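Q: I'd like a close look at one part of this structure, with the focus on strand pairing. Please walk me through it in one go, and spell out the cut-offs as you use them.

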Amino acid sequence: MPVLHSLKKSVIRGLLKAGSKVKFARGKKLLGGLVNLMLDETFNWMEHALGMNALEMMVALHQVGSR
Amino acid sequence: MSLRTDKRMAIPCLYYTHYTVLALVSELSGSLEEGCKAIFEIGRKVGERLRPFIKDLSPEGVWEALFFRSPTRVVRKGEGWLLEDMECPLCEGMELEEGSTYCHFLAGVLAGALGREVEEVECKAGGGKACRFFIH
């Protein structure tokens, strides 16, 4: 698993344990967590579905980001 | 979009990351259609990872845990639900072809978190009044 950006379970648990009653400060981090998880799972998909290595992923990201 | 000052950094971060990731996976998949399928599956994995940490696993509860507010409306439809949100954070300001859908990632997150099949049936980006997700 390419852990280019990983989140500790305890961190996510801390962010989400307030459930639907999240206060803003916690909620902002939660959204950040959602972004991090999106990137983490995208890297996983790139590795497992396309067989890309970390360097190829970085190149692909750079190409899309530089347009 | 009615956001309090503090939220203005978090939601654009999600918005632009999603936009870039969708562009990336579409290019790598070879088409936008395949990219949409891929980002839905990425969303599902994200939802599955979030699921153990969300207390209220109803459609409203998951939405509230993600965006700290309720969706505009949730209506029971047969065995499923129709979740409707008029201020969807992913597609605000996007304009696509009439009838297109854009929030596949969000549909995937809901699918993973709720453990159900979810389909985006209408999207603001495609000219709809709201983003509507059918939860089977």
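A: Two strands count as paired if DSSP finds at least two bridges between them. The strands themselves (E, at least two residues) and the helices (H or I, at least four) are DSSP runs, numbered from the N terminus. A bit of bookkeeping: residues are numbered from 1 along each chain as its sequence is written, while chains are lettered from A and ligands numbered from 1 in the order in which they are written. This is a predicted model, where local features need pLDDT of at least 70, side-chain atom pairs count only at pLDDT 80 or more, and totals for chains, interfaces and linings use all residues.

Chain A has zero strands and three helices, so let's head for chain B. There, four strands make an open sheet in the order S1-S2-S4-S3, with antiparallel pairing. S1 and S3 (118-122) of chain B are the edge strands, each pairing on one side only. From one strand to the next, the twist averages 25°; axes here are lines fitted to C-alpha atoms (for helices, over the stretch in contact), and angles run from 0 to 180 degrees between N-to-C directions.

Now zoom in on S2(B), residues 80-85. Five bridges tie S2(B) to S1(B), residues 73-77, in the antiparallel sense. Going through the partners, B:Lys77 bridges to B:Gly80, B:Val75 to B:Leu82, and B:Arg76 stands opposite B:Trp81. Two residues sit between the strands of this hairpin, and B:Gly78 takes a positive phi near 60°. Across from S4(B), residues 131-135, S2(B) again has five bridges and an antiparallel run, with B:Trp81 partnered by B:Ile135.

In a regular strand the side chains alternate between the two faces of the sheet. On S2(B), the covered face holds B:Trp81, B:Leu83 and B:Asp85, and the uncovered one B:Gly80, B:Leu82 and B:Glu84. S1(B) is hardly covered, with zero buried residues among its five. Buried means 20 or more other C-beta atoms within 10 Å of a residue's own, exposed means 12 or fewer, and partly exposed is in between, with C-beta atoms placed from the backbone.

What packs on the sheet? H3(B) does, touching S1, S2 and S4 of chain B, and its direction makes about 35° with that of S2(B). H4(B) lies across S3 and S4 of chain B, running at about 145° to S3(B). Contact means C-beta atoms, placed from the backbone, within 7 Å.

In soluble globular proteins, nonpolar side chains tend to be buried together. Here the largest nonpolar core has 48 residues, and B:Ile39, B:Cys103, B:Phe105 and B:Leu110 have the most contacts inside it. H4(B) gives the most to this core, eight residues. Such a core is a set of buried Ala, Val, Leu, Ile, Met, Phe, Trp, Tyr and Cys residues joined through C-beta atoms within 7 Å. Setting aside residues up to four places away in sequence, B:Leu110 touches B:Gly47, B:Val62, B:Val118, B:Phe133 and B:Ile135. That last one, B:Ile135, is the bridge partner of B:Trp81, which brings us back to S2(B).

Terms used:
Two residues are in contact if their C-beta atoms, placed from the backbone, lie within 7 Å.
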